[in-house]
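Here is my note on the ligand site and the pockets of this model, set out as numbered points for you to follow beside the coordinates.

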Amino acid sequence: MTGGSENGLSVVALAGGVGGARLIDGLDRVLPPGSLTAVVNTGDDFEHWGLHISPDLDTVMYTLAGLAPEDRGWGIGGDTFEVLGEARRRGVDDWFQLGDRDLVTHLFRTKAMSGGKSLTQTTATLCKALGVERPILPMSDEPCPTTILTRRGEELAFQEWLVKERAALPVSNVRHGGSGETTRSVVDALNLADLIVICPSNPYVSIDPILGLTGIKEAVRLKPTVAVSPILGGKAVKGPLAAMISEIDGRPPSAEAVAAHYEDLLGGYAVHPGDSFEAPYPTLETNVHIQTIDDRVRFAGELIAFARKLK
Ligand code: FO1
């Protein structure tokens, strides 16, 4: 594989929640400045307390800023919840834990966007204020709400299903709403990429929203693409993915099931030890559990070395 910039690679990472943010952090630490762009899911975005909340953009931003708690992965580590406590006392809906420092992000984003700034512009300003240099690109500047169709026939906004209902309602399908329009910045980043990394995020609700946008799959197919399995030994590190694989695809959760979901997009795949299978492309079998910073750096280095060997 050729390097785009003279000494390195131009890498675009597609990501959603916590798992994706951790790999982006690892790639951010091993790749030279200017060689990594994150394209992040906004299907989780929703309005809450009159604020525009972008959970996945914030999780990636806080992780790169070194603010996200290493265990939980989202929000700001050490944040307080005085506002939430007051909301609870007054009977305001308190199911979504917004920390006091985290609220500044939502207040600023809501103000900037109501003043006509795009989500892309607003995210860049928020990142700059937190010292995050790497570009974090929302997958779209248009609303693209992901909704969950439950077995009982209800349709819930993603965060309501995931957080308010604790992902307890069996899923029959996932719907990706909106115009399907991505942004010029995302298209440019994909066109310039030497390598595309599909991060260990939930394929249904974090990666599919990105791949489903107009022109994205076609652009990805033109470039060497590697994915990282979010399923380790049949289990998800975090979140509802294992159950979703059996409920939606009707098969046992496995690294292979995730690879099958990505069909012909993959040119390489990283799986946890013991999870390899007969694949039509090279497989990297290594510890893909990357909770700690050291693991993120170690794994990102292995992944880039693996990707460089792909033809
Ligand atoms: N996840 C939860 O399980 N409970 C919460 O109360 C919660 C609040 C929250 C606030 C800000 C934020 O950026 C993320 C938050 N998350 C919460 C995580 C979020 O719902 C998921 O991590 C992603 O949407 C998964 O892709």
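The points below take the ligand and its contacts, then the two pockets.

1. Please keep in mind that this is a predicted model, in which local features need pLDDT of at least 70 and side-chain atom pairs count only at pLDDT 80 or more, whereas totals for chains, interfaces and linings use all residues. Residues are numbered from 1 along each chain as its sequence is written, and side-chain values use heavy atoms, with hydrogens and water left out.

2. The shell around the ligand (residues with a heavy atom within 4 Å of it) includes Gly 17, Asp 44, Trp 74, Phe 96 and Asp 102. It divides into five nonpolar, three polar and four charged residues, with Gly counted among the polar ones and Asp, Glu, Lys and Arg as the charged ones. Helix H2 (55-64) and helix H6 (158-164), which are DSSP runs of at least four residues, each supply at least two residues of this shell.

3. Three residues place polar atoms close to ligand oxygen atoms, each as a polar contact (a pair of N or O atoms within 3.5 Å). A polar side-chain atom of Gln 159 lies 2.7 Å from a ligand oxygen, a polar side-chain atom of Asp 56 lies 2.9 Å from one, and Gln 97 comes to 2.9 Å through a backbone N or O atom. The protein buries 87% of the 540 Å² that the ligand exposes when taken alone, by the Shrake-Rupley method with a 1.4 Å probe.

4. The ligand takes up the space of the largest pocket, a pocket being an open set of points on a 1 Å grid where a 1.4 Å probe fits, with protein on both sides within 12 Å along at least five of seven lines. About 950 Å³ of space lies there, and of the 42 lining residues (an atom within 4 Å of a point), Gly 17, Val 18, Trp 74, Leu 162 and Lys 238 lie nearest the centre. H2 gives the most to this lining, with five residues, and the lining divides into 21 nonpolar, 14 polar and seven charged residues.

5. The second largest pocket has a volume of about 270 Å³, and 16 residues line it, with Asp 45, Phe 46, His 52, Pro 143 and Cys 144 closest to its centre. Its lining divides into seven nonpolar, five polar and four charged residues.

Notes
A polar contact is a pair of N or O atoms within 3.5 Å; within protein, one must be able to donate a hydrogen and the other to accept it, and residues adjacent in sequence count only if both atoms are side-chain atoms. A molecule sits in a cavity or pocket if more than half of its atoms lie within 2 Å of its grid points. Grid points are joined across faces, edges and corners, and a volume is the space filled by probe spheres set on the points.
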